[in-house]
Amino acid sequence: MLRLPSFRYLQPTTLRDALRMKAEAGPDGMYVAGGTDLYPNMKRRHQEPRTVISLMGIPELRRLEGWTVGTCVTLTELSNFPTLQRSHSAVARAARLVSTPLLRNMGTLGGNLCLDTRCNYYNQSYEWRKAIDFCTKKDGAICWVAPSSPRCWAVSSSDVAPVMVAIGAEYRLVGPQGERVVPAGRFYQNDGINYLTKQPDEILVDVRLPAADGWDAVYHKLRRRGSFDFPVLGVAAWVRWDGKTVADARVVLGGVASWPQEVPEAGAVLKGATLTDDAIASAADAAYRPSKPMDNTDFDLSWRKQMTRVYVTRALEELRRRRRT
Ligand SMILES: Cc1cc2nc3c(=O)[nH]c(=O)nc-3n(C[C@H](O)[C@H](O)[C@H](O)COP(=O)(O)OP(=O)(O)OC[C@H]3O[C@@H](n4cnc5c(N)ncnc54)[C@H](O)[C@@H]3O)c2cc1C
Ligand code: SF4
């Protein structure tokens, strides 16, 4: 059995106290929300904070009002919220597709958006990793996936993040320097180690969803076990309609890079088009080309690449069906 290391657990009730506690703890301090990612990681010694600061007792982070969602709202709450189910169904659906009911009852939106990147050589016990002399992401000096590469290619595995990028949500962060709002797309960077642009002491406070006016979005997920697993491919597709024509579109891939990867070429193909079979096939082709899964998660990587075309096609076909009904 893997055991947690010992650590100090703090429960602030205000953002100000949480920031103060983090400043006092320094680099040895980490925030936690539901703990469904951080605690397993601590058991495997991926992260080793001496002080863990829970955000769950801060009322401001638990709000779900209008289009603003506090980051300590659980995935169950998010997926069951009636207004969101109607207006932002892709967000509710992505949250509902995360893992199992137990994990969704504990796991939060914020934890999902800040989820650590994953890799077959990293998501292993300390002893397993030690046996291969670790890897660049933690404790080692080589990337086993791409040994000649100076960077880490661990994969963004959040279900909700690609949807947030696709619909153009904004994230509000609070840190020692004050508050800032960033578009979801700029919160992530394509680096398996430094995968967030967020500073370690910043708290992700809430997510501002765009008003539901003339756009639609869907999310499709590929994984081995439908009731449980992380995505090995996620496709979030967003369309702004002008009658039956696509005024604007975004296609964002999860599970193929260290960040939710927008494919601007796929969006560009759809702009000004109606969603005919030909337009959908061209967009799926455009998404297929830059989709470069690495051999560091489940399934054969060339098959996962092939599935990009299939899943983008399915996502766009669903958008077309929804427009008709
Ligand atoms: C068996 C298993 C299966 C899973 N399957 C999936 C899956 O299919 N899809 C998926 O997307 N995820 C999956 N997960 C991962 C995880 O359960 C979810 O992503 C969950 O939403 C994480 O939220 P949390 O609140 O538990 O995060 P935590 O573990 O509390 O935090 C995760 C990280 O985010 C940081 N953090 C959390 N909240 C904030 C905040 N407000 N501000 C700043 N930093 C913050 C923490 O410091 C930590 O680094 C799975 C996990 C397990 C164990
Ligand atoms: S991609 Fe390479 S460096 Fe990153 S976790 Fe995997 S093996 Fe380690």
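In this predicted model, the largest nonpolar core comprises 39 residues, and those with the most contacts inside it are Leu-113, Met-164, Ile-167, Tyr-171 and Leu-209. Two or more residues are given to this core by each of the helices H3, H5 (89-96), H7 (109-113) and H9 (160-167), and likewise by each of the strands E6 (170-175), E8 (203-208), E9 (215-222) and E10 (233-242). The largest share, seven residues, comes from H9. In soluble globular proteins, nonpolar side chains tend to be buried together. When residues up to four places away in sequence are not counted, Leu-113 touches Val-160, Ala-161, Met-164, Tyr-171, Phe-187, Tyr-188, Leu-196, Leu-204 and Val-207. A second core, separate from the one just described, has 31 residues, among them Ala-237, Ala-266, Ala-279 and Ile-280.

Two of the helices that contribute to the largest core were examined in further detail. Helix H9 is largely enclosed by the rest of the structure, because eight of its eight residues are buried; these are Val-160, Ala-161, Pro-162, Val-163, Met-164, Val-165, Ala-166 and Ile-167. The residue that follows H9 is Gly-168, which has a positive phi, near 75 degrees. Helix H5 is mostly covered, with six of its eight residues buried, and the buried positions are Ser-89, Ala-90, Val-91, Ala-92, Ala-94 and Ala-95. These buried residues of H5 pack against H9 and strand E9, and also against the helices H3, H4 (82-87), H6 (101-106) and H12 (301-324).

Attention then turned to a single loop residue, Thr-71, which lies between strand E5 (68-70) and helix H3 (75-80). Thr-71 has a relative accessible area of 3%, and it is therefore classed as buried, the cut-off for this class being under 20%. Leaving aside neighbours within four places in sequence, Thr-71 is in contact with Leu-61, with Thr-108, Leu-109 and Gly-110, and with Leu-204, Val-205, Asp-206 and Val-207.

The surroundings of one bound molecule were also described. Ligand 2 sits in the largest cavity, and the residues around ligand 2 include the cysteines Cys-119, Cys-135, Cys-143 and Cys-152, together with Tyr-121, Tyr-122, Trp-144 and Trp-153. The shell around ligand 2 also includes Thr-136, Lys-137, Val-145 and Ala-154. By class, this shell has ten nonpolar residues, one polar residue and one charged residue.

Definitions and conventions:
Residues numbered from 1 in each chain as written. Chains lettered and ligands numbered in written order. Predicted model: local features only at pLDDT ≥ 70, side-chain atom pairs only at ≥ 80, totals over all residues. Heavy atoms only, no water. Near = heavy atom within 4 Å. 1 Å grid on protein atoms, 1.4 Å probe; cavity = no way out; pocket = protein on both sides within 12 Å on 5 of 7 lines; lining within 4 Å. Sits in = over half its atoms within 2 Å of the grid points. Nonpolar A, V, L, I, M, F, W, Y, C, P; charged D, E, K, R; others polar. Helix = DSSP H or I, 4+ residues; strand = E, 2+ residues; numbered from the N terminus. Buried < 20%, exposed > 50% of the residue type's maximum accessible area, 1.4 Å probe, protein only. Contact = heavy atoms within 4.5 Å. Core = buried A, V, L, I, M, F, W, Y, C linked by side-chain atoms within 4.5 Å.
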